[in-house]
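Q: I should like to learn how to read the features of a protein model, one at a time. Could we work through them together?

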Amino acid sequence: MRDYSIFEISQMLESMTILVDTREQDTPAFRRRMEQISRPYERQKLDFGDYSCAVTGPDGERICLDHLFAVERKMSLDELCACFTRDRKRFEREFVRAKEAGGRLILLVENASLDKALAGQYRSQMHPDALLASLFAWSARYQAPVHFCAAQNSGSMLSRILRYYLKVCLESGGRLP
């Protein structure tokens with residue numbers, strides 16, 4: 001990528017299309033999420049994460065940013081606990097792939113908060129200290145910020161996260177700080 005003017009960045013942000021990994025299930029919740037995003041979306045295989053984005057550059061070329069950043073969505077702390085226990089190796093490989101590609105995964109957990117994690121308000125037998133240790137270690141090891149939201153806001157959160165990562169990326173000439 002190159003350096004873009006403020007005007008070009010504004011146009012590119014308006015052209016943002018959400019990229020959805022083909023493994024994301026087409027459920028009523030998925031359709032509600034996509035309605036909330038209120039942006040065009042396309043399904044394609046992503047090398048890491050569940051959601052990323054593409055834009056149209058100033059000269060009309062399509063620029064996919066899925067190699068730079070993506071959002072990994074989990075529907076609950078229960079699902080996240082399963083990723084840190086039963087599926088830990090597979091889950092970690094996803095973050096390693098992102099890091100090795102020079103990209104970044106952002107973790108979005110629905111129906112959750114740090115307070116709920118600390119209080120053990122989930123069904124897994126994973127101890128709250130172990131869950132928080134894994135979350136903080138992942139965040140530090142893979143530069144993977146963790147965000148929480150209510151399920152009914154996940155589409156809006158996805159759109160905002162992708163938009164601002166895209167904006168930072170475009171402002172820095174195609175890099176993330």
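Q: Which residues of α6 are buried?

A: This is a predicted model. Buried here means under 20% relative accessible area. In α6, the buried residues are Pro-128, Leu-131, Leu-132, Ser-134, Leu-135, Trp-138 and Tyr-142. They cover an arc of only 160 degrees around the axis, and therefore lie on the same side of α6.

Q: Why do residues three or four places apart point the same way?

A: An α-helix has 3.6 residues a turn, so residues at that spacing point the same way.

Q: Which exposed residues does α6 carry on the face turned away from its buried side?

A: That face carries the exposed residues Asp-129 and Ala-140. As for the buried residues of α6, what covers them includes the helices α3 (77–84), α4 (88–100) and α5 (114–118), together with the strands β6 (104–110) and β7 (146–149).

Q: What span should the 15 residues of α6 have?

A: The idea is to allow 1.5 Å a residue and to compare the result with the distance between the end C-alpha atoms. Helix α6 runs over residues 128–142 and should span 21 Å; its end C-alpha atoms are 21 Å apart, so the two values agree.

Q: What phi does Gln-143 take just after α6?

A: Here one looks at the sign of the angle. Gln-143 has a positive phi of about 50 degrees, in a residue other than glycine. Gln-143 belongs to the loop between α6 and β7.

Q: Where is Asn-111 placed?

A: Asn-111 is in the loop between β6 and α5. Asn-111 also has a positive phi, near 55 degrees, and is a residue other than glycine. Its relative accessibility is 39%, so Asn-111 counts as partly exposed.

Q: Which residues of helix α1 are buried?

A: The reading proceeds as before. In α1 (residues 6–14), the buried residues are Glu-8, Ile-9, Met-12 and Leu-13. Their arc around the axis is only 135 degrees, which means that they are on the same side of α1. On the other side of α1, the residues Ile-6, Phe-7 and Glu-14 are exposed. The buried residues of α1 pack against the strands β3 (51–56) and β4 (62–64) and against helix α7.

Q: How far apart are the end C-alpha atoms of α7?

A: They are 25 Å apart. The 18 residues of α7, at 1.5 Å a residue, should span 26 Å, and the two values agree. The buried residues of α7 include Ser-154, Gly-155, Leu-158, Ser-159, Ile-161 and Leu-162, and the list continues with Tyr-165, Leu-166, Cys-169 and Leu-170. The buried residues of α7 cover an arc of only 165 degrees around the axis, so they are on the same side of α7. Just after α7, Gly-173 takes a positive phi of about 70 degrees.

Q: Which residues does Ser-159 touch, not counting residues up to four places away in sequence?

A: The general idea is to set aside the neighbours along the chain and to ask what remains. Ser-159, in helix α7, touches Met-16, Ile-37 and Arg-39 on this basis. Ser-159 is buried, with a relative accessible area of 14%.

Q: Is Ile-37 buried or exposed?

A: Ile-37 is buried, with a relative accessible area of 4%. Ile-37 is found in helix α2. With residues up to four places away in sequence left out, Ile-37 touches Ile-18, Gly-155, Leu-158 and Ser-159.

Q: How many residues apart along the chain are Arg-31 and Gly-155?

A: Separation in sequence and separation in space are read independently. Arg-31 and Gly-155 are 124 residues apart along the chain, and their C-alpha atoms are separated by 9.5 Å. Arg-31 lies in helix α2 and is partly exposed, with a relative accessible area of 42%. A second pair is Ile-37 and Leu-166, which are 129 residues apart in sequence and 15 Å apart in space, C-alpha to C-alpha.

Q: How much space lies in the largest pocket?

A: A pocket is described by its volume and by its lining. The largest pocket holds about 550 Å³ of space. Its lining has 26 residues, and the closest to its centre are Glu-24, Gln-25, Arg-33, Asp-50 and Arg-73. The elements that give two or more residues to this lining are α2 (28–37), β5 (69–74), α4 and α7 (154–171). The largest share, five residues, comes from α2.

Q: How many residues of the lining of the largest pocket are charged?

A: The lining has 15 charged residues, along with seven polar and four nonpolar ones.

Definitions and conventions
Residues are numbered from 1 along each chain as its sequence is written. This is a predicted model: local features need pLDDT of at least 70, side-chain atom pairs count only at pLDDT 80 or more; totals for chains, interfaces and linings use all residues. Side-chain values use heavy atoms; hydrogens and water are left out. Helices (H or I, at least four residues) and strands (E, at least two) are DSSP runs, numbered from the N terminus. The expected span of a helix is 1.5 Å times one less than its number of residues. Buried means under 20% relative accessible area, exposed over 50%, partly exposed in between (1.4 Å probe, protein chains only). The arc is that of the directions from the helix axis to the C-beta atoms. Contact means heavy atoms within 4.5 Å. On a 1 Å grid over the protein atoms alone, a cavity is a set of points where a 1.4 Å probe fits but cannot get out, and a pocket is an open set with protein on both sides within 12 Å along at least five of seven lines; lining residues have an atom within 4 Å of a point. Grid points are joined across faces, edges and corners, and a volume is the space filled by probe spheres set on the points. Ala, Val, Leu, Ile, Met, Phe, Trp, Tyr, Cys and Pro count as nonpolar, Asp, Glu, Lys and Arg as charged, and the others, Gly among them, as polar.
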